[in-house]
Amino acid sequence: MKSSFDEMNGAHQQVRDHYKTYQQWLARQPEASMHARREEAEMIFRRVGITFAVYGAKDEDGAGTERLIPFDLIPRVIPRQEWVDMEAGLRQRVNALNRFIHDVYHGQEILKAGIVPAEQVLKNAQYRPEMAGVNVPGDVYSHTSGIDIVRAGNPDGSGNYYVLEDNLRVPSGVSYMLENRKMMMRLFPDLFSMHRVAPVQHYPDLLLETLRAVAPAGVNEPTVVVLTPGMYNSAYFEHAFLAQQMGVELVEGQDLFVREGFVYMRTTQGPRRVDVIYRRVDDDFLDPQAFRPDSTLGCAGLLDVYRAGNITLSNAIGTGIADDKSIYPYVPKMIEFYLGEKPILHNVPTYLCREKDDLQYVLDHMHELVVKEVHGAGGYGMLVGPAATKAEIAEFSAVVKGNPTNYIAQPTLSLSTCPTFVEAGIAPRHIDLRPYVLSSGKGVQTVPGGLTRVALKEGSLVVNSSQGGGTKDTWVLEA
């Protein structure tokens, strides 16, 4: 699992079949032309406002900083059959995860069977006892899921896909997938006449269809809104973008109120009942009466309306129990338990620091592992052992020893590389992939591909935008 897999070039630098047409085109492009197109892309993204806020980073005036996510001109190309297999694995995984969340808040059969340790669920910070016995439409909790997938090389030169983590609470990044495709079609229209690339632009239509399908019973023309924490949130561009693309209202907590068991939004024409909230606000901040009393981001009384079945939240409260990194190692067993199937997509081997033997192994081998906080995100709260100094390893070891239940560790996979246009020219850079999966209880849908993230620093395995990573357009070939 250590050798790196090159997405474009196989053994002896032979170009893989699905990249041949693109590689021939790329070889004809003057470097100056590629630089000019990259500058054009940056100018357009800046003009449109496709930025993200960097928490903790300040400019010279002390204000929070906003950055463009670097966009790479060279797409990641996936042949059709690979995508068909991956899509089947995604459907299977998300179905099992939704079954698990329903079970956790109802019969808890998987806990009684001893397959997932009860204490790891019931004492988990992401477990919401308020959701026990609450029924949600179609028994679906994660309507939008972002599953992070990596490919690692084998000694024989082949590559296997692995699920690195599941994002089931408020998965972000889909707006970059859509804007990247729009940009590539604008800059390189000739490429799309040379390839049959599966479309992704219909994602907002599928998302709206999914949200409308999970409206409370008896609501025929549901009112859907996107709930954002506000313009200072790092993903605010995406919240506004998706609301605009779906043709629904973008609201903040102060725009909503509860009256007589229903949620309403304030409008210039008076109160309007809301049926489905696509929320981009974490559980803790959704209802100050039920969770954090100091929250100004949610709507007081929302939980009571939710428990009564008069509003649908997407994703459901309590969904985070299934994307906690300490629960992740049990997903293959969930698939077998709930679906009676073998996993199509495999996990990365994972050590649970809460287990005594695993903890000792991690402490002894920290220099060769990736160690992560179970609730961490965005590349924060982690140590990449091979890239860390002895002092950093010693410091992180002490932190892990102090709270072992808060950490897991995985082997340092040599993520696959894809040619990337950097300052020095074209060079390989490590990538991952986040496909987006939509579930309504009436079926599971995806758009072909997803968001490819790229580690722009040479040798880096950290693809997160908050840590200097960029993005690529992802092409799934239809033939």
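Helix axes are taken here as lines fitted to C-alpha atoms over the stretch in contact, with angles running from 0 to 180 degrees between N-to-C directions. With that in hand, the predicted model offers two packing arrangements worth a walk-through: a pair of helices, and a sheet with a helix resting on it.

In the helix pair, α6 (residues 174–187) packs against α9 (residues 236–246) at an angle of about 70°, and the two axes lie 9 Å apart. Angles of 65 to 115 degrees count as roughly perpendicular, and α6 and α9 are therefore roughly perpendicular to each other. The crossing of α6 past α9 is left-handed. On the α6 side, the contact is formed by V174, S175, Y176, L178 and E179, which meet F237, E238, F241 and L242 of α9. Sorted by class, this contact of α6 with α9 comprises six nonpolar residues, one polar residue and two charged residues.

Turning to the sheet, four strands form an open arrangement in the order β14-β17-β15-β16, and their pairing is antiparallel. The edges are occupied by β14 (351–352) and β16 (382–384); each has a single partner strand, so one side of each is left without a neighbour in the sheet. For β14, antiparallel pairing with β17 (residues 407–411) runs over two bridges, and Y351 is found opposite A409 in β17. Helix α13 (residues 390–402) packs on this sheet, where it touches β15 (369–373), β16 and β17. The direction of α13 makes about 140° with that of β16.

Notes: Residues numbered from 1 in each chain as written. Predicted model: local features only at pLDDT ≥ 70, side-chain atom pairs only at ≥ 80, totals over all residues. Heavy atoms only, no water. Parallel < 35°, antiparallel > 145°, perpendicular 65-115°, else oblique. Left-handed = near helix turned anticlockwise from the far one by under 90°. Contact = heavy atoms within 4.5 Å. Nonpolar A, V, L, I, M, F, W, Y, C, P; charged D, E, K, R; others polar. Pairing = 2+ DSSP bridges.
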